[in-house]
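Grab a pencil and open the viewer. Here are a few short exercises, each with a solution worked step by step.

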Amino acid sequence: MLQYRQHQKMQNYFPMPNEIFHLDLYEGSFSPTHANGKRVKHNVYAETREEVEVKLAELIERVREEIAGEKAKMKEDAD
């Protein structure tokens, strides 16, 4: 599932080390099911939607390769 949204400036009641919430950034997220059956959410942030799409495409490719590797390893261990 892919999601795009623009962060809204929000009141930060607790000081945080990163200032993502104070910037106008776009967020892209990808939530695949890993080899162990758990869903893990991966996020990318950028200043424009086009940058998010590029970063998200790279993230999706990398995560899918990792999942394929995990599945192959689990299959080898089962044999």
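The exercises below go from the overall layout to the core, the salt bridges and one buried glutamate.

Before you start: this is a predicted model, where local features need pLDDT of at least 70, side-chain atom pairs count only at pLDDT 80 or more, and totals for chains, interfaces and linings use all residues. Residues are numbered from 1 along each chain as its sequence is written, and side-chain values use heavy atoms, with hydrogens and water left out.

**Exercise 1. Work out the order of helices and strands along the chain.**

Step 1: Take helices (H or I, at least four residues) and strands (E, at least two) as DSSP runs, numbered from the N terminus. You get three strands and one helix.

Step 2: Read along the sequence, and the pattern comes out as β-β-β-α.

Step 3: Check the helix. Helix 1 covers residues 49-78, 30 residues in total, and spans 42 Å from first C-alpha to last. That is close to the 44 Å expected at 1.5 Å a residue, the expected span being 1.5 Å times one less than the number of residues.

**Exercise 2. Find the largest nonpolar core and say which element gives the largest share.**

Step 1: Pick out buried residues (under 20% relative accessible area; exposed is over 50%, partly exposed in between; 1.4 Å probe, protein chains only). They make up 24% of the 79 residues in the chain.

Step 2: Join buried Ala, Val, Leu, Ile, Met, Phe, Trp, Tyr and Cys through side-chain atoms within 4.5 Å. The largest set has nine residues: Phe30, Val44, Ala46, Val52, Leu56, Leu59, Ile60, Val63 and Ile67.

Step 3: Sort by element. Strand 3 (42-46) and helix 1 each supply at least two residues, and helix 1 gives the largest share, six.

**Exercise 3. Locate the two salt bridges.**

Step 1: Look for a side-chain nitrogen of Lys or Arg within 4 Å of a carboxyl oxygen of Asp or Glu. One hit is Arg49 with Glu53, at 3.7 Å, N to O; the other pairs Glu66 with Arg62 at 3.3 Å.

Step 2: Check spacing. Arg49 and Glu53 are four residues apart in helix 1, so about one helical turn separates them. Glu66 and Arg62 are also four apart in helix 1.

Step 3: Check exposure. Arg49 is partly exposed at 40%, as is Glu66 at 37%.

**Exercise 4. Is Glu27 buried or exposed, and which side chain does Glu27 contact?**

Step 1: Glu27 sits in strand 2 (residues 26-30).

Step 2: Its relative accessibility is 4%, so Glu27 counts as buried.

Step 3: The Glu27 side chain makes a polar contact with the side chain of Tyr45 at 3.5 Å (N or O atoms within 3.5 Å; within protein, one must be able to donate a hydrogen and the other to accept it, and residues adjacent in sequence count only if both atoms are side-chain atoms).
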